[in-house]
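Here is a brief report on one protein model. It starts with strand pairing and ends with a single side chain.

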Amino acid sequence: MKALICGAGITGLALAGQLDRKGWDVVVVDIAPAPRPQGYMIDFSGPGFEAMHRMGLGERLRDAASSVDTFRYVDGSGHTTVSVRYDLFVKALNGEIVSIMRPALERVLRESLRDTVTIRYGVTVDAITDSSVRLSDATELHPDLIVGADGIHSRIRSLVFGEENEYVRDLGMRTNAFIFHDREIYDAVDGQFVLTETLDRQMGFYGLGEGRIATFSVYRTTDPSPQTDSREELLSQLSGMGELVERALAKAPPSQEMYDDQVAQIELPRWTSGRVVLVGDAAYAVSLVAGQGASLGVAGAYLLGELLPSARDVPNALLEYERRWRPETTKVQAAARDRVVEWFLPRSRTTLMLRRWGFRAMHIPGLSRVMTGSLLPKDHRSLAELSRAS
C-alpha cells in the first residue's frame, strides 16, 4: 500500500513513521525548502505523550525536552508577580509532561524515520484526481492514501474540501515567534518560562543555551489576514510593554525568519473523502491557546496508523478514525473557546488578578491538580482504548 502525506511537520512525520512500521510505502512532501527552524516552546502532554511512548519514542522525547524549573509572570517593570515551581505541573500530570521546542519535537520524529520513508522538501500537491496525484514538480503518483497533515492553511483541505475561509474560526489573536541572542536576558530567564502579565498582549521567554532566547508573543487583533511585514507589525503591537520586551523587539529578525500566524481553530463537517483524510491542524486545529495542538496531532496520527492496516479498505478505515477521534478534538476546541482564551490573554484587570491568584493557589496542597486539570485536561480516552477493535 502506498501513502502520500502532505506536510513534514509534527503530525505528518508521526504518521509517516506509523505507516512505515506497518509496511506502507510512504512519501512525504512539504512546500518548505527544508525543516522549519521557527517555532515556540510547548508543554507536551496528554494523548500525544502516550502516543510517543507507544511509538517507542518516549526516551527520545525526554532527551530533547528543555529544562524548566519555574513558571513565572512579570510586570512591565520586570518584577515577578507570580512564580510557580514547574514540578507542580509535572506531579499533577503524574510526570507525563515535558517542555519542548516545536522544532525539537519535529526533529525527534524526523530522525526516528527509517530510510524507507521518502521526504521531499520544496514540493507540494498541485492536483488530485480519482487515480493520481500531480505534484508541483510535475511528478505523478498513484497512492492508495492521501493525507493532509499540512496545518491550518492546508493545501489538501482546499483542494478536496473547499476554501479555507469556510472552515476557519478566527479567535481574534495573532502569534509570533523568533529566537535572538542576549546574554543578560538569558541569565535572567534560564531554566524558566517567563511571561509578561499584560492585558490583550503578551510575550514569553525561555533560554535555549549559550545566550540564545526563544520568544513567542500573542496579541488581540481584528485583522486575521497575513501580514506584509511581520516584524514591523510586531514592533507596533508590543511597544510600551517594558524594558524586557523592548530589548527583545530590538533584536527581532527579518520577517521571513519569524513564525507568524493568526490564532484560529478549524471546524470541518467531515475529515475524509474517499482515500483522502485530514489529520492534525488541517482537520481540527484547537489553537495556540489550547496548548494541545501538537499532542492531538501526534495522537491522531498514531490512531490513524493503528486503524489503517486492519481495515477492510482505506475509506472505511478513514471513516472509523474520524468516528473515534472527532469527539476528543471537539471537546478540546470547545474548552479552549469557553474557558482558556480569556484566561490565556485577559481582557480585564479582574481576569488577570483571578489568574494570578489561581496560580498562587497551586502551592496549596491539592489545588495544583485542580489548576492543571483546568488548563491541561486529563479526561481524554486512552489511545489503547481508542485503537481497540470495536
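## Sheet, helices and a buried arginine

Strand 11 (residues 145-148) and strand 18 (residues 276-278) run parallel, joined by three bridges. Within this pair, Val147 stands opposite Val277 of strand 18. The model is a predicted one.

Both strands belong to an open sheet of six strands. The order is 7-2-1-11-18-17, and the pairing is mixed. Strand 7 (118-121) and strand 17 (272-273) stand at the edges. Each has a single partner strand, so one side of each is left without a neighbour in the sheet.

Helix 1 (residues 10-21) lies across strand 1 (2-6), strand 2 (25-30), strand 7 and strand 11. Helix 1 runs at about 170 degrees to strand 1.

Helix 1 also helps to cover the buried residues of helix 5. Helix 5 spans residues 102-111, and its buried residues are Pro103, Ala104, Leu105, Glu106, Val108 and Leu109. The cover includes strand 3 (41-45), helix 2 (47-54), helix 3 (58-64), strand 6 (97-101) and helix 11 (293-307).

Now to the side chain. Arg324 lies in helix 12 (residues 314-344). Is Arg324 buried or exposed? Arg324 counts as buried because its relative accessibility is 9%, and buried means under 20%. Its side chain has these polar partners:

| Partner of the Arg324 side chain | Distance |
|---|---|
| Glu320, side chain | 2.7 Å |
| Arg388, backbone oxygen | 2.7 Å |

The Glu320 entry is a polar contact between two side chains. In the Arg388 entry, the backbone oxygen lies 2.7 Å from a polar atom of the Arg324 side chain.

Methods:
Residues are numbered from 1 along each chain as its sequence is written. This is a predicted model: local features need pLDDT of at least 70, side-chain atom pairs count only at pLDDT 80 or more; totals for chains, interfaces and linings use all residues. Side-chain values use heavy atoms; hydrogens and water are left out. Helices (H or I, at least four residues) and strands (E, at least two) are DSSP runs, numbered from the N terminus. Buried means under 20% relative accessible area, exposed over 50%, partly exposed in between (1.4 Å probe, protein chains only). A polar contact is a pair of N or O atoms within 3.5 Å; within protein, one must be able to donate a hydrogen and the other to accept it, and residues adjacent in sequence count only if both atoms are side-chain atoms. Two strands pair if DSSP finds at least two bridges between them. Contact means heavy atoms within 4.5 Å. Axes are lines fitted to C-alpha atoms, for helices over the stretch in contact, and angles run from 0 to 180 degrees between N-to-C directions.
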